[in-house]
Amino acid sequence: MAKKDYIPQSVSGFNDWQKQAIAKLTENQTAWGLPEDRLTAITTQATAWEEFYPRYADKNHRSTVVVEEKNVKMSEYGKDLRAFFAEFILNNSKISDADRVSLGLSSRDRVPTASVPPATQPVAKVDFSVRLQHKIAFTDSNTPTSKAKPAGVHGCQIWMKLGNEAPATAKELQYIATDTATPYLLEFDGTDAGKTAYYWLRWVNKRGQAGPWSVPVSAMIVG
């Protein structure tokens, strides 16, 4: 089962959360230093979702076609929201604790900690035995037989590229999640069956500082 995070898993919960999140992002664009082009791209997706959602919410006329369309739209929109939050929100010191909580995030750690990035990297393994699922297990390179995270590490960032060719640089990767306990379960849409997923992982501390990348791993998505 996938770990709970700041984006709700239920469709209605996701709909309510994204509505509040988009309103907050738009209202605080200048104060939080959000780039206009990236925010415009996200709000465009929000508009498309808002136009679609009433069709899904109408249970009396909800067809399998509408459900499949919901799966695609929610997956793509959710992934882009995660990437936006990872780049501009999660470690943004301009955002107050109250606003962080309203976005579903935890308040900042008030305990002073040494600002030292992790020195080691995760070792990843992917279990792809279940159709349309990847279970990504990770351990530390210094203690590969233990599930414990290194001292001072908050979690493991998981980044991915879907495609025929392995990524040459981190710019080709898409942020998936920061998981605090192994393993992480990633579910795919039927349209992804047969594709190859390439994963790069790295540790991050409570200040959001990242360590070195793991050795890349890959696995096919079984349909």
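## Close-up views of a predicted model

**View 1. Helices α1 and α4 are oblique to each other.** Let's start with the helix pair in this predicted model. Helix α1 spans residues 11-27 and helix α4 spans residues 64-88; the two pack at an angle of about 40°, and their axes are 12 Å apart. Angles of 65 to 115 degrees would count as roughly perpendicular and those under 35 as roughly parallel, so this pair falls in the oblique class. The crossing of α1 past α4 is left-handed. On the α1 side, the contact is made by Val11, Phe14, Trp17, Gln18, Ala21, Ile22 and Leu25. Facing them from α4 are Lys70, Met74, Tyr77, Gly78, Leu81, Phe84 and Phe85. Sorted by class, the contact comprises 11 nonpolar, 2 polar and 1 charged residues.

**View 2. Val11 sits in helix α1.** Is Val11 buried or exposed? Its relative accessible area is 13%, so Val11 counts as buried. Setting aside neighbours within four places in sequence, you will find Val11 in contact with Trp49, Tyr53, Tyr56, Lys70 and Met74. Two of these, Lys70 and Met74, belong to the α4 side of the helix contact. For a sense of scale, try Ser146: this residue is 135 residues from Val11 along the chain, and their C-alpha atoms are separated by 36 Å.

**View 3. Tyr6 and Phe85 form a stacked aromatic pair.** The whole structure holds 14 aromatic pairs, and here is one of them. The ring centres of Tyr6 and Phe85 are 5.3 Å apart and the planes meet at 15°, which is why the pair is stacked. Tyr6 comes from the segment before α1 and Phe85 from helix α4, so the pair ties together parts that are 79 residues apart in sequence. Tyr6 is buried at 12% relative accessibility, and Phe85 is buried too, at 0%.

**View 4. Trp159 and Tyr175 meet edge-to-face.** In this aromatic pair the centre-to-centre distance is 5.3 Å and the angle between the planes is 70°. Trp159 lies in strand β3 (residues 153-162) and Tyr175 in strand β4 (residues 174-179); the pair links distant parts of the chain, 16 residues apart. Both Trp159 and Tyr175 are buried.

**View 5. Six residues make up one aromatic cluster.** Which residues form this cluster? The members are Phe14, Trp49, Phe52, Tyr53, Tyr56 and Tyr77. Some of these names will be familiar: Phe14 and Tyr77 take part in the contact of α1 with α4, while Trp49, Tyr53 and Tyr56 are in contact with Val11.

Note on methods: Residues are numbered from 1 along each chain as its sequence is written. This is a predicted model: local features need pLDDT of at least 70, side-chain atom pairs count only at pLDDT 80 or more; totals for chains, interfaces and linings use all residues. Side-chain values use heavy atoms; hydrogens and water are left out. Axes are lines fitted to C-alpha atoms, for helices over the stretch in contact, and angles run from 0 to 180 degrees between N-to-C directions. Helices (H or I, at least four residues) and strands (E, at least two) are DSSP runs, numbered from the N terminus. Angles under 35 degrees count as roughly parallel, over 145 as roughly antiparallel, 65 to 115 as roughly perpendicular and the rest as oblique. A crossing is left-handed if the near helix is turned anticlockwise from the far one by less than a right angle, and right-handed if clockwise. Contact means heavy atoms within 4.5 Å. Ala, Val, Leu, Ile, Met, Phe, Trp, Tyr, Cys and Pro count as nonpolar, Asp, Glu, Lys and Arg as charged, and the others, Gly among them, as polar. Buried means under 20% relative accessible area, exposed over 50%, partly exposed in between (1.4 Å probe, protein chains only). Rings of Phe, Tyr and Trp (its six-membered ring) pair if their centres lie within 6.5 Å; planes under 30 degrees apart count as stacked, over 60 as edge-to-face and the rest as tilted.
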